[in-house]
Amino acid sequence: MSSSHGQLWLFPRAENDSAAPEFSSARGSSFLPQQEIASAHFCVLGSGSSGNCAVLAWRWSLDDGHGEKPDSGLLLLDLGLSPGVVRRRLCDSPVSLDRLTGACLTHADGDHLHPQWLGELIDRSVPLFIHRKHIHAVYRIDRAREAQRLGLLRVFDGQAFEPTISSQPSPLAVRPVALPHDANGSQAFVLRFRQATVCYATDMGTVPDALLDAMVGSDLLAIESNYDTQMQRDSARSAKLKQRVMGPRGHLSNEQAFEALVRVMDLSGPRLPRHVVLLHRSRQCNTPSIVRSVFERDARLAPRLVLADQHQATPWLCVYEGSGLAQPRALLSCESDLAPSPAQAIGVRS
Ligand SMILES: [Zn+2]
């Protein structure tokens with residue numbers, strides 16, 4: 001492999017990372033094969049009712065016979081931690097916000113969108129991808145109209161998209177999946193990088209079949225496991241709040257998340273995920289030890305479990321490392337494997 005190979009693998013390997021999958025050859029007879037090496041790593045910078053933010057960092061180097069062309073990017077999922085906190089939690093990692101290429105919002109509640117991010121994204125000319133049902137909540141934030149004027153607010157509906165405004169094809173594709181949560185719902189994101197798939201799903205009262213389908217065969221699952229039912233019932237919270245949280249458009253209990261994951265494991269056959277990350281744990285109505293006692297009942301889940309935390313980042317989790325024949329863009333596989341229909345251009349609504 002070429003001399004810059006080492007530069008692509010800056011992340012320490014997590015214990016339960018399995019061998020990297022190999023690339024298959026690109027489809028299409030007119031495609032001229034090129035060699036590439038690529039990697040993607042995932043980290044939850046913080047998760048909980050005080051702020052949610054996760055990151056997928058990828059590197060990609062293409063050798064077309066005239067030398068390597070290295071590229072890299074960073075996609076943030078939810079912006080519920082302030083930009084300053086995100087910078088601090090990234091400072092010990094090989095990743096910097098200077099490589100930020102986009103951000104996707106599950107929904108616009110305060111624990112998923114910190115208002116300082118609009119200015120930060122404008123300063124960096126980085127787009128924010130948001131479902132049309134949540135755009136009006138974003139408009140209430142300072143500088144949202146300015147971001148819109150600059151073309152940085154990108155509205156999606158049910159369609160897959162590339163999370164970039166660059167004219168260059170992205171190696172990353174995103175497919176949203178609607179989740180039942182409060183009046184306007186939340187969006188799960190199914191990220192596709194080369195042959196690897198990551199599912200990020202938080203804030204839902206029940207797990208829809210479309211999410212279960214997306215999780216089967218994924219390489220990394222990040223799903224909410226919000227509360228212990230008994231602790232929720234015994235808590236000093238108001239009856240109204242308990243009803244909302246435990247209702248069909250509230251949050252997932254440990255047991256609900258566990259049942260969904262067992263189902264996914266059953267359906268995944270030998271292709272189990274490398275990592276299972278549990279998100280959005282309630283500080284009032286849950287504990288790490290209760291969560292572990294629930295999920296470690298399944299021997300397939302136990303060695304893969306990572307508990308995201310409100311106050312510190314998870315380790316960087318390897319999602320993909322591979323080398324071989326290049327595929328020109330992520331959506332080649334996304335269109336056939338993931339998306340119900342080909343991705344459409346994303347318009348900015350006025
Ligand atoms: Zn939330």
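**View 1. F42 and its partner across the paired strands β1 and β2.** In this predicted model, F42 stands opposite L56 of β2, and the two strands, β1 and β2 (residues 53-63), pair in the antiparallel sense over eleven bridges. Here two strands count as paired if DSSP finds at least two bridges between them, and strands (E, at least two residues) and helices (H or I, at least four) are DSSP runs numbered from the N terminus. In the hairpin that β1 and β2 form, with six residues between the strands, G48 takes a positive phi near 150 degrees. Strand β1 (residues 35-46) also pairs with β13 (residues 317-325), again in the antiparallel sense, over eight bridges, and there the bridge partner of A38 is G322. Eleven of the twelve residues of β1 are buried, where buried means under 20% relative accessible area, exposed over 50%, and partly exposed in between, with a 1.4 Å probe and protein chains only.

Residues are numbered from 1 along each chain as its sequence is written. Because the model is predicted, local features need pLDDT of at least 70 and side-chain atom pairs count only at pLDDT 80 or more, while totals for chains, interfaces and linings use all residues, and side-chain values use heavy atoms, with hydrogens and water left out.

**View 2. The largest nonpolar core and helix α3.** The largest nonpolar core, a set of buried Ala, Val, Leu, Ile, Met, Phe, Trp, Tyr and Cys residues joined through side-chain atoms within 4.5 Å, has 36 residues, and those with the most contacts inside it are L76, L79 and W117. Helix α3 (residues 116-124) gives the largest share of this core, four residues. A second, separate core of 31 residues includes L75, L77, L172 and A196. Leaving aside neighbours within four places in sequence, L79 is in contact (heavy atoms within 4.5 Å) with residues including N52, A103, H112, W117, L121 and L128. The buried residues of α3 are W117, L118, G119, E120, L121 and I122, and what covers them includes β3 (68-77), α2 (83-90), β4 (100-104), β5 (128-131), α5 (144-149) and β6 (153-156). Just after α3, S125 takes a positive phi of about 50 degrees.

**View 3. The open sheet of six strands and the helices packed on it.** The strands of this open sheet follow the order β7-β8-β9-β10-β11-β12, with mixed pairing, and its edge strands, β7 (172-179) and β12 (305-307), each pair on one side only. From one strand to the next the twist averages 20 degrees; axes are lines fitted to C-alpha atoms, for helices over the stretch in contact, and angles run from 0 to 180 degrees between N-to-C directions. Strands β10 (residues 220-224) and β11 (residues 275-279) run parallel and are joined by five bridges, with H275 in β11 as the bridge partner of L220. Helix α9 (residues 254-268) lies across β10 and β11, running at about 160 degrees to β10, whereas helix α10 (residues 288-295) touches β11 and β12, and its direction makes about 160 degrees with that of β12.

**View 4. S218 in the loop that precedes β10.** S218 lies in the loop between α6 (209-215) and β10, and it counts as buried because its relative accessibility is 2%. The side chain of S218 reaches the backbone oxygen of A214 at 2.9 Å. Not counting residues up to four places away in sequence, S218 touches T197, C199, L272 and P273.

Definitions and conventions: A polar contact is a pair of N or O atoms within 3.5 Å; within protein, one must be able to donate a hydrogen and the other to accept it, and residues adjacent in sequence count only if both atoms are side-chain atoms.
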